[in-house]
Amino acid sequence: MNEDKGLTRRSLLARAFAGMTALALAGCQKLSETAWFPRILGVGEKVSYRAHRLFLPRKAMAQEFTDADRSPAFRSNGTALPDNPDYQALAEDGFAGYRLAVGGLVERPMSFALDDLRLLPNRTQTTRHDCVEGWSAIARWRGVRLGALLEEVRPKPNARYVVFYCADPMEADGTSPYYESIDMEDAFHPQTILAYEMNGEPLPIANGAPLRLRLERQLGYKMAKYVMRIELVEDFSRIGGGKGGYWEDQGYEWYAGI
Amino acid sequence: MTEPEPTITPYRRHSLAVRIMHWVAAVTLPILIMSGLNIFNANPELHWGQSSYTGARPLLEVRSVQGPGGQVMGVTRIFGHEFDTTGFLGVSDRGDGRMERRAFPAWLTLPGSRWLAMARRWHLTFAWLFGINAICLAGYTLLGPHLRRDLLPTGQDWRSIGATLKDHLLLRRPAGEAARRYNVLQKLAYLGVIFLLFPLAVVNGLGLSPALDALLPGWVDIFGGRQAMRTIHFIITWALVAFTAVHLFQVAVTGFWNNLRSMITGTYRVAAVAAPEPEAEAAPGPEPAAEGTADAEPGTEADHERR
């Protein structure tokens, strides 16, 4: 008799547990769809950003690899060929007409042809690219140090972020161009480069030709491809959706160091 | 916190600190596991080494393919062996009767929809709570009396490991005085969770952060590289699921309410069988007495068999 009672109670308990779990799950889905709860969930990003800036040495270097570690084929994610006639015209010409415009909160706005960029201090690094989806791939990159480029244009003291405007539209109708932003500390990190070469070859179009950002201590979506223009700003709340980047506007973290 | 008195029933089983840390882990762990599975779904394959593109095939991958009749099939490939997992892995019911291509099914992920950005928000915020809690738990256990008093197996424990294992498999449980202390398997399980699984889950999670990888360049190689750490993180997850399943089963079959109460109020009641104490039988306690004793009872017959 005791057994029977126990079994009934046990199955009841199990059912109650399953019911509560289902309720909790439905609740979590509902919470995710509200406007306020995801903001609370954004605490993790802010704490991580502060903690990393506080405890990670400024010049802590991302791991670098040997040529043998490189991935046989470096995956192209997102845009493989920007659906943009101006860009395609530049590409047909081997980017001879390409000019990188650097402006905003700077003393001396300038524009650079690819050959100008090659004359600036550059860096070669074999690094691991980590996508937010979870995969990693390794390639060798060569490019102009963003810090050296910024020294040419001389940022004003109130410049806090570097914004990258790209040639690839993210909507099928040709609108919503990709953009990204990083802080000045990352901008002046020695491994932060605007790469024009991958694995010893000119950067392929699928990987962001003629110029892409390499920001080795953050996830792949921060590393804007097809960079056309750079702007230094004090805050990015009036740019795009106001969150500092195309994917950030879709709900991804602005600080992608984790 | 008062030390448990050796003779009186009911007695104080869990300190306030242990209870708080237990419930923080109990709430954060399911959230982390389920949001983690949603994150896994964004790239449902596991590799060993630094990169996902080494030329070698993944150790584990979940895909959806077009079957011979045009129907969508879920395929899971693990160490080169392929399994049809349609309905569970690869292709599953969205919850409204429509099939969807996704690695882990909607009912196992948080949020239920395929939503990497939101899953990361849940995961990366609750990871802070879980991680701090895991550090507190390990520190509290190491520095306080908890480790030596309750968790470190004694010589007697080690000698009885075979008998205890047999008791567990036969679902024979101790009662009376023997139910007061953890048996050797419990001790090893709790030690394993506090000092192995929780720290490994945290460290292998941290290793997925490209910023933290730069803390000491190359430290991720200790675990085989970033993709290897992703694989270890995944394996630890399932080890914790297995622990939790056994834990919940044991909680349910060894007196659910008594166990639950002891983890909420700290008080656990022992039906004194081995060494009858007159007051123990008489003490009704604040809860209905029948409830309390019935819960502790399943062990009664088992107890003398054990000696």
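A salt bridge, as I use the term today, is a side-chain nitrogen of Lys or Arg within 4 Å of a carboxyl oxygen of Asp or Glu. Keep that cut-off in mind. One more thing before we start: this is a predicted model.

Let me open with a pair in chain B. The side chains of Asp150(B) and Arg149(B) meet in a salt bridge, 2.9 Å from N to O. That distance also counts as a polar contact between the two side chains, again at 2.9 Å. How exposed are the two partners? Asp150(B) has a relative accessible area of 19%, so it is buried, since buried means under 20%. Arg149(B) comes out at 38%, so this partner counts as partly exposed.

Stay with Asp150(B) for a moment. Where does it sit? Asp150(B) is in helix H3 of chain B, which covers residues 146-151. Its side chain has another polar partner, His146(B), at 2.8 Å. Now leave out residues up to four places away in sequence. Which residues does Asp150(B) touch then? They are Pro145(B), Tyr182(B) and Lys187(B).

Next, the salt bridges as a whole. Over all chains, the structure holds 29. Here are two from chain A.

Take Arg214(A) and Glu216(A). Their side chains meet in a salt bridge, 3.0 Å from N to O. Are these two buried or exposed? Arg214(A) has 0% relative accessibility, so it is buried. Glu216(A) has 5%, and therefore counts as buried too.

Now Asp67(A) and Arg70(A). They form a salt bridge with the closest N and O atoms 3.8 Å apart. Asp67(A) has a relative accessible area of 40%, so it is partly exposed. Arg70(A), at 26%, is also partly exposed, because partly exposed runs between 20% and 50%.

On to the interface. How much area do chain B and chain A bury between them? The figure is about 4,200 Å². Carbon and sulfur atoms carry 60% of that. The contact takes 49 residues from chain B and 56 residues from chain A.

What about charge across the interface? Between chain B and chain A, the count is 3 salt bridges. One of them joins Asp130(A) to Arg226(B), where the closest N and O atoms are 3.3 Å apart. The polar count between chain B and chain A is 24 residue pairs in contact, both residues at pLDDT 80 or more.

Which helices of chain B build its side of the contact? Six ranges to look at on the screen: H1 (16-41), H2 (116-143), H7 (210-213), H8 (226-253), H9 (256-264) and H11 (289-296). Each supplies at least two residues to the side that touches chain A. H2(B) gives the most, with 10 residues. By class, this side of chain B has 28 nonpolar, 12 polar and 9 charged residues.

Two of those helices deserve a closer look. H8(B) has 28 residues. From its first C-alpha to its last, H8(B) reaches 41 Å, close to the 40 Å expected at 1.5 Å a residue. Just after H8(B), look at Gly255(B), which takes a positive phi of about 100°.

The other is H1. Ala17(B) lies in helix H1 of chain B. With 29% relative accessibility, Ala17(B) counts as partly exposed. How far is Ala17(B) from Pro111(B)? In sequence, 94 residues. In space, 31 Å, C-alpha to C-alpha.

Last, chain B in overview. Its secondary structure comes to 12 helices and 8 strands. Of its 307 residues, 47% count as buried. Now consider the contacts in chain B with a separation of 6 or more. Residues 24 or more positions apart account for 60% of them.

To recap the main points. Asp150(B) is buried in a salt bridge with partly exposed Arg149(B). Chain B and chain A bury about 4,200 Å² between them, with 3 salt bridges across the contact. On the chain B side, H2(B) gives the most residues.

Terms used:
Residues are numbered from 1 along each chain as its sequence is written. Chains are lettered from A and ligands numbered from 1 in the order in which they are written. This is a predicted model: local features need pLDDT of at least 70, side-chain atom pairs count only at pLDDT 80 or more; totals for chains, interfaces and linings use all residues. Side-chain values use heavy atoms; hydrogens and water are left out. Helices (H or I, at least four residues) and strands (E, at least two) are DSSP runs, numbered from the N terminus. A polar contact is a pair of N or O atoms within 3.5 Å; within protein, one must be able to donate a hydrogen and the other to accept it, and residues adjacent in sequence count only if both atoms are side-chain atoms. Contact means heavy atoms within 4.5 Å. Buried area is the accessible area (1.4 Å probe) that two parts lose on being put together, summed over both. Ala, Val, Leu, Ile, Met, Phe, Trp, Tyr, Cys and Pro count as nonpolar, Asp, Glu, Lys and Arg as charged, and the others, Gly among them, as polar. Buried means under 20% relative accessible area, exposed over 50%, partly exposed in between (1.4 Å probe, protein chains only). The expected span of a helix is 1.5 Å times one less than its number of residues.
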